[in-house]
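Visitor: I have a model open and would like to learn how to read its features one by one. Where should we start?

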Amino acid sequence: MKKIVAVVMFTCLFFASFVNVGHASVPPKLFLDGKRLYSDVEPTIIKGSTLVPLAILTEGLGYEVEWEGDLKRVTVKSNDTLIQLIINDSTVMVNGEPQVMNAVPQLIQWRTMVPVRFIGELLGLEFEWKDAEREVHMFSHKDPETDPDPDPSDNGSQPIVPTGYVESVDFDQASTLNITYSGEVKPSKPFYLSNPRRLVIDLPGTSYTGNHFSEVQVEDNPFIDSYRHSAFSSDPLIARVVIDLKDDIGHVMTQSDGQITIQLMPVSEVPEEPTTDPVDPTPTPTPTPEPSDPGEGKIYHVVLDAGHGGTDSGAVSKDKKKLEKDFTYTVVNKMKAILEKDPRVQVHLSRPDDVKIELRDRVAFAEKVKADVFVSVHVNSFTKDTATGSETYYYRDNSKELANIMQKHLVAGTGLANRGVKTAPFVVIKETTMPAVLVETGYISNPNDLEVLYNDKNQDRIAAELVLGIKEFLKLN
């Protein structure tokens, strides 16, 4: 594996020497022993010197790398070599001995770019440059005792057929990144890298329908600086998506047919990964509250949760005039007005005004009032305006029946496509103990959905149907 890293690095140097002027802007294709190599960020040539992103070393290709932010020092370790680089310093320490380079490591667009000539010079590699194809073919010196030939039954020369294809990777400019795909795609468990903080999502067996590499900068966003996708590996075949995060930002990943959604949020709001299948938590025993009106029997406590609020606008329409927080607040208050007509129900609003309420404060509120039902109202968004429909999320087993009932009434209220009932570990439906659901009424990014959702009469109908769902679950009809 370390030879592969060396090959990638040395190839960058090789390309810098042999590239034609007319093709200088087109990166070459890299091959090792006949197999195509990919990196998620292209090399950069500055004043005749080739620099590669530190990610080539850190994101799965074999070297141990340490970053000391206060010193701006990078340490690269292999079995017999210790290399120390300092950003903007031409002196490099190789096994404790100083050497002076004609290029320096740099920080470019928040990437640590490392000059690689000295590493290539330490390694004995054979290579062939195919100018017409713009291909660099590298050949490693394998030790037959330690690096036996591949199993003859492994037909490595045959192309690997993807099981799925990434069609687009888009950010909604708020807090959600969507990966749209076709075929069968099963993402690996995402992982984080540091300096800078990054979230990496690998998609085994997956290729792209369009460009194999793209990078997008995001300005003035509290969650991310940029995101990119690349063909990370050809054998095994892996597509990779990397999100450059702000400090203390985490995520929740969900998947439905044709779409993987990465919801970004503060680390403090990220639910813990479940270690087993969802089960009903056992709350601390508390005395059963007396009915508010003993003459009428039990009073059911319902918490209505208007998503977002205050400085947290939630999803925003394309013309910036419609905000998710306004829709959720209006519909929840319409629901409250209807429910309060039934003396058997007492309504509690987790967000009684246009203020930002932290997710765990919403949970604590529901627990404090000993709610029998918790319903959180939201609006969806996607970068493509074709996404449409209503869906309901639950997490715990004791919420599944409520979710099925609410989805039936939600679709009746909106008249939009039925996207079904789904599970996701959102904080407000995971950490509450009573039956709890989160409804995504429709897509603010879809012109038709937008027209439906932000119509007063339609909001009356949506609120009425959601109330019918609550009362059906509580058997109050």
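Guide: With strand pairing: two strands pair if DSSP finds at least two bridges between them. The model here is predicted. In it, strand 27 (residues 390-394) and strand 28 run parallel and are joined by four bridges. One pair to look up is Thr392, whose bridge partner in strand 28 is Val421.

Visitor: What holds paired strands together in general, and in which order do the strands of the open sheet lie?

Guide: Strands of a sheet pair through backbone hydrogen bonds, in either the parallel or the antiparallel sense. The open sheet here has six strands in the order 25-24-26-29-27-28, with mixed pairing. Strand 25 and strand 28 (418-423) are its edge strands, each pairing on one side only. On average, neighbouring strands of this sheet are turned by 20 degrees against each other, direction ignored.

Visitor: Which strands pair with strand 26, and over how many bridges?

Guide: Strand 24 pairs with strand 26 in the parallel sense over five bridges. Strand 29 (residues 436-443) also runs parallel to strand 26, and six bridges join the two. For the register, take Ala306, whose bridge partner in strand 26 is Val377, and Asn380, whose bridge partner in strand 29 is Tyr443.

Visitor: Why is strand 26 described as largely enclosed?

Guide: The cut-off for buried is under 20% relative accessible area. Eight of the eight residues of strand 26 are buried, so the rest of the structure largely encloses this strand. The side chains can be sorted by direction: Val373, Val375, Val377 and Val379 point one way, while Phe374, Ser376, His378 and Asn380 point the other way, and all are buried.

Visitor: How is burial read on a helix, for instance helix 5, and which residues of helix 5 are buried?

Guide: Look down the axis and see where the buried residues fall. In helix 5 (residues 359-368), the buried residues include Arg362, Val363 and Ala366. The buried residues of helix 5 fall within an arc of 100 degrees when seen down its axis, so they line one face of the helix. Their cover includes strand 24 (300-306), strand 26 (373-380) and helix 7 (427-430). After helix 5 comes Lys370, with a positive phi near 55 degrees.

Visitor: What about the loop before helix 5: is Val355 buried, exposed or partly exposed?

Guide: Val355 sits in the loop between strand 25 (345-349) and helix 5. With a relative accessible area of 35%, Val355 is partly exposed. Apart from neighbours within four places in sequence, Val355 is in contact with His308, Gly309 and Gly310. Val355 and Thr311 are 44 residues apart in sequence, but their C-alpha atoms are 7.3 Å apart in space.

Visitor: How should I read two packed helices, and at what angle do helix 6 and helix 9 pack?

Guide: Start with the angle and the distance between the axes. Helix 6 (residues 400-414) and helix 9 pack at about 155 degrees, and their axes are 8 Å apart. Angles over 145 degrees count as roughly antiparallel, so helix 6 is roughly antiparallel to helix 9. Their crossing is right-handed. Residues making the contact include Leu402, Ile405 and Met406 of helix 6 and Ile462, Leu466 and Ile470 of helix 9.

Visitor: Where does Asn458 lie, and which residues does it touch?

Guide: Asn458 lies in helix 9 (residues 456-473). Its relative accessibility is 16%, so Asn458 counts as buried. Leaving out residues up to four places away in sequence, Asn458 touches Glu451 and Val452.

Visitor: In which sense does strand 20 pair with strand 19 and with strand 21?

Guide: The sense is antiparallel in both cases: strand 19 (residues 213-217) and strand 20 pair over five bridges, while strand 20 and strand 21 (residues 237-245) pair over nine bridges. In the first pair, Gln217 has Ser226 of strand 20 as its bridge partner; in the second, Tyr227 stands opposite Ile243 of strand 21. The hairpin of strand 19 and strand 20 has six residues between the strands, and Asp220 in that hairpin takes a positive phi near 55 degrees. Two residues form the link in the hairpin from strand 20 to strand 21. Strand 20 (residues 224-234) is mostly covered, with 10 of its 11 residues buried.

Conventions:
Residues numbered from 1 in each chain as written. Predicted model: local features only at pLDDT ≥ 70, side-chain atom pairs only at ≥ 80, totals over all residues. Heavy atoms only, no water. Buried < 20%, exposed > 50% of the residue type's maximum accessible area, 1.4 Å probe, protein only. Contact = heavy atoms within 4.5 Å. Arc of directions from axis to C-beta. Axes fitted to C-alpha atoms, helices over the stretch in contact; angles between N-to-C directions. Parallel < 35°, antiparallel > 145°, perpendicular 65-115°, else oblique. Left-handed = near helix turned anticlockwise from the far one by under 90°.
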